[in-house]
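Here are some notes on the structure, set out as numbered points. Please read them with the model open beside you.

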Amino acid sequence: MFSTKIAIQENLVIPDSHQESFDFSKYTLFEVPKEILDDLESMSIRADNNETEAFLCTKNKTYSIRRAETSNLLMLHSKGQETGFELSKAYKSEHTEAPTDHFDIVDIGSIYYEVRPTKPSPDTLKRLLQENVYDGTNKQFQTTFDYLRSNVSMSDQEILDALEELHCINIDDKWVMVDDQLMRRVLQLIMLSCVEDDIAIESVPASQILVLLQDHHVHEAIIIGCLSQFKVSETNGVFRLSKEKITTAYGHEILSKLTNAMDLQSFMLEWDSQLPDGFTTDLNLLAGLYLIEESMGNKEIVYFPKSILPFDPKQRFQDLFKIRRKWLKQDMLPFVTDLAPNQRALDAVLLTHCRLSTEGPRGNQTIYLTPRHTNF
């Protein structure tokens, strides 16, 4: 049973004849935010298949559940018949305006569960999807939406949002993560088709692209998924593709092939040489995918994707401070912004795990972050 926490005046007494008739664990009491009460029918309790912690989920939000105990006795009651309890005669004689309603006590206890909004971790979802990445060959997948719901502690809407963020595609009612190399190859085929057939990337008809790529034996869902991944918008099957997203994909491909640091200027030249006409490089587009290191007075770029970092904030900062003991705040932000829903919450996360310091003259100061805890 889900309810806001119930407290009954201590003056309400239970007749001695009823003391032994109560089952003290008949119900589980939850203290919930008011918005949950408007969405009772969609509520469910879910747990990741490799975790012991459970979460309460509505259609679009996830809440943590924490056991709590109070020194006061909690009585769960409903308005009942004469067989319920009533105010003591002594109390009635002293309080002439006391209510005369009778109530049935259905449970008694001091344990309840606090329910608070939380940002769910996508780690389990990613792990399930990464077990069978689609590379263009026929495979047996079990990742239906119902399967994901049963194994991931996230609300339905949050699962859908995470699937979109991970660029997953629905193939025959199974959600799959597509191999990066396959997706980049499909993007290159689409771009080549646009050039050969004089199709503006601001107006790409999906039906025409499907026909042009028939001979390449690519699943239609992958082609549509690729168009969706790099779109700005879509109207009636016509996609307006994003130059920024496409530029990022080309830069990411070069980065992902690096095994060692690469001279930054050389990287920028190679990136520019691979882009279609009319596209412009911008290192800011690759935020969260690289680190810049200084070597012999030269700047070098190192492939370091945020996706390899853990979702847990403490573990995330531990890993980051193992790489650098002292970070420029602007350099760290791309790797931690997903840990909080807004700037205020992110500032709180940074203060929890980092010490902030400034260097330089007033008005032109640089902010640095170092570990707050010495065990980092």
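1. A salt bridge is counted here when a side-chain nitrogen of Lys or Arg lies within 4 Å of a carboxyl oxygen of Asp or Glu. The side chains of Glu 131 and Arg 127 satisfy this, meeting in a salt bridge at 3.3 Å, N to O. Glu 131 is partly exposed, with a relative accessible area of 47%, and Arg 127 is likewise partly exposed, at 31%. Please keep in mind that this is a predicted model.

2. On the overall make-up, the protein chain contains 13 helices and 16 strands, and buried residues account for 38% of its 376 residues. Of the contacts in the protein chain with a separation of 6 or more, 62% are between residues 24 or more positions apart. The protein chain exposes about 22,400 Å², and carbon and sulfur atoms supply 46% of that area.

3. How many salt bridges does the structure hold? There are ten, and the pair formed by the side chains of Arg 184 and Glu 253 has an N to O distance of 4.0 Å. This pair links distant parts of the chain, since Arg 184 belongs to helix 6 (residues 180–196) and Glu 253 to helix 9 (residues 243–256), 69 residues apart. Both Arg 184 and Glu 253 are buried.

4. Another salt bridge joins Arg 324 and Glu 293, whose closest N and O atoms are 3.8 Å apart. Arg 324 lies in the loop between helix 11 and strand 14, while Glu 293 lies in strand 12 (residues 290–295), so the pair ties together parts that are 31 residues apart in sequence. Are these two partners buried or partly exposed? Arg 324 counts as buried because its relative accessibility is 14%, a value under the 20% cut-off for that class, whereas Glu 293, at 30%, counts as partly exposed.

5. Two further polar arrangements deserve a look in the viewer. Arg 46, Arg 149 and Asp 156 are linked in a network of salt bridges. Glu 31, which is placed in strand 1 (residues 30–31), is buried, with a relative accessible area of 18%, and its side chain makes a polar contact with the side chain of Arg 116 at 3.2 Å.

6. In helix 3 (residues 123–130), the buried residues are Thr 124, Leu 125, Lys 126, Leu 128 and Leu 129. An α-helix has 3.6 residues a turn, so residues three or four places apart point the same way. Against which elements do the buried residues of helix 3 pack? Their partners are helix 4 (145–151), helix 5 (156–165) and strand 7 (174–176).

7. Leu 309 is found in the loop between strand 13 (298–303) and helix 11 (313–323), and this loop residue is buried, with a relative accessible area of 8%. Apart from neighbours within four places in sequence, Leu 309 is in contact with Phe 304, Arg 316, Asp 319, Leu 320 and Phe 335. As for Phe 335, it stands 26 residues from Leu 309 in sequence, and the two C-alpha atoms are 8.3 Å apart in space.

8. Strands 14, 15 and 16 form an open sheet in the order 14-16-15, with antiparallel pairing. Strand 14 (327–328) and strand 15 are the edge strands, each pairing on one side only. The antiparallel pairing of strand 14 with strand 16 (residues 366–371) runs over two bridges, and Trp 327 stands opposite Leu 369 in strand 16.

9. Which residues form a nonpolar patch on the surface? Leu 351, Leu 356 and Ile 367 do so, with about 250 Å² of accessible area together. Leu 356 is found in strand 15 (residues 354–359), one of the edge strands of the sheet in the previous point. Leu 356 counts as partly exposed because its relative accessible area is 43%, which lies between the 20% limit for buried and the 50% limit for exposed residues.

How values were computed. Residues are numbered from 1 along each chain as its sequence is written. This is a predicted model: local features need pLDDT of at least 70, side-chain atom pairs count only at pLDDT 80 or more; totals for chains, interfaces and linings use all residues. Side-chain values use heavy atoms; hydrogens and water are left out. Patches are made of residues with over 30% relative accessible area and no salt bridge: like charges are joined within 9 Å, nonpolar side chains (Val, Leu, Ile, Met, Phe, Trp, Tyr) within 5 Å. Accessible areas come from the Shrake-Rupley method with a 1.4 Å probe; for residues, only the protein chains shown count as cover. Helices (H or I, at least four residues) and strands (E, at least two) are DSSP runs, numbered from the N terminus. Buried means under 20% relative accessible area, exposed over 50%, partly exposed in between (1.4 Å probe, protein chains only). Contact means heavy atoms within 4.5 Å. A polar contact is a pair of N or O atoms within 3.5 Å; within protein, one must be able to donate a hydrogen and the other to accept it, and residues adjacent in sequence count only if both atoms are side-chain atoms. Two strands pair if DSSP finds at least two bridges between them.
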